[in-house]
Amino acid sequence: MNVKVVTIGLGYIGLPTSALIANSGILVHGVDISQNVVNTINAGKIHIVEPELDKAVANAVEKGFLKADTKPVVADTYLIVVPTPFKGNHQPDISYVQAATESIIPLLKENDLYIIESTSPVGTTEKMMDLIFSKRPELKNKIFLAYCPERVLPGNVMYELVYNDRVIGGVDERSTQKALGFYSQFVKGELHPTNSRIAEMCKLTENASRDSQIAFANELSLICDKADINVWELIRLANKHPRVNILQPGCGVGGHCIAVDPYFLTADFPMESRMIAQARETNNYKSFWCVEKIKNASLEFKVKYNRQPSIALMGLAFKPNIDDLRESPAVSIAERVIQDLNHSDIYIVEPNVSEHKTFELTEYQEAAEKADIVVFLVAHNEFKKLFLNTSKVILDFCGVGV
């Protein structure tokens, strides 16, 4: 069988996408720079935690529709699903997208479809088009190029890849229609055609909007702390209004989307995105505020009992019930607490991760039992079942006790 799809990047989006396409009966060649990732997938296993993904990968590999390698091969469709990190002062770095694109330029042929799914600054798809045609001018107007951002929720990716609506933007109308035809093979949600610039901006807009909404909730939590008001009860009651829907506060904002994407707008449009920038500052500040609250609780405990407290930091993931630690405020809080309170016994807990390269992890029940101060950073389901001694100091930054 000829390879129909090459996906470059086999991470939290690339691997589920590859598995979904492969289970639709389409031959997929997944590419990743990590030989360990490649070997794991070719063994029918997965290197990330995501419900139902293990079954999808195992089935696709067993039936011969999914294979992984460190290099791309000739195909009909190429999906770019690589990270877009920062460089310098929150300046978007599209070097991974460019490198992935350059790796497949020699393989491109007439009528091929090239799609970027990676979060990208506005105009990136057109830049990659110019790059391709600068090296392969004979392909101009003979291949199709589009942008289609993912919009899935970790922990429910395999469902949402199928049933969520998708925004699909080509560099021209013919590319849009070609991409629509491709996604219609395995997406049951509605497909919304547009152009590549609007599709790129749509992804950034969605996450900047979420970031701003979370920032409002986090700012409320700061105000309520000073006003001696229970922020959780306040939000519950305010949301009884038919046109109010306030989100829940936390210890900041993490993940590779909401905590990152607004910077793509503030970098390119600094004067026009001041509210978006302020929301980012508010959400970043919340984690510093949490550190100060932990340090103050530690000092009060020492004054009261004349000894250093033991502290349990509960959760490292950027959201509940997943293993994804990318851009997690809980991780940065744990790092700063350990640094600032190096004289205390500090237990680090993350029930969804078996080991961590920096932290020594403690089982959550053991940590909660041993600690004088229990700090909830992530509202994992396991934590909601804990019965804690009333003598313990509880700092709940994420609503575990709500």
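Is C202 buried, partly exposed or exposed? C202 is partly exposed, because its relative accessibility is 22%. The close-ups below take a friendly tour of this predicted model, beginning with that cysteine.

**View 1. Two cysteines, C148 and C202, that are too far apart for a bond.** A disulfide needs two cysteine sulfur atoms within 2.5 Å. The sulfur of C148 has its closest cysteine sulfur in C202, and the 10 Å between them is too far for a bond. Searching the whole structure turns up zero disulfides. Notice the surroundings of each residue: C148 is buried, with a relative accessible area of 0%, whereas C202 is partly exposed.

**View 2. I214, a buried residue in helix α8.** Helix α8 covers residues 196–227. I214 counts as buried because its relative accessibility is 13%. Beyond its neighbours within four places in sequence, I214 is in contact with L247, V253, I258 and N283. For a sense of scale, look for A99: I214 and A99 are 115 residues apart in sequence, and their C-alpha atoms are 34 Å apart in space.

**View 3. An open sheet of four strands with parallel pairing.** Read across the sheet, the order is β12-β11-β13-β14. The edge strands, β12 (346–349) and β14 (393–396), each pair on one side only. On average, neighbouring strands are turned by 15° against each other, direction ignored.

**View 4. Strand β13 beside β14, and a helix packed on the sheet.** Four bridges join β13 (residues 373–376) to β14 in the parallel sense. Here you can find V375 opposite L395 in β14. Helix α12 (residues 329–340) packs on the sheet and touches β11 (311–314) and β12. The direction of α12 makes about 170° with that of β12.

Conventions:
Residues numbered from 1 in each chain as written. Predicted model: local features only at pLDDT ≥ 70, side-chain atom pairs only at ≥ 80, totals over all residues. Heavy atoms only, no water. Buried < 20%, exposed > 50% of the residue type's maximum accessible area, 1.4 Å probe, protein only. Helix = DSSP H or I, 4+ residues; strand = E, 2+ residues; numbered from the N terminus. Contact = heavy atoms within 4.5 Å. Pairing = 2+ DSSP bridges. Axes fitted to C-alpha atoms, helices over the stretch in contact; angles between N-to-C directions.
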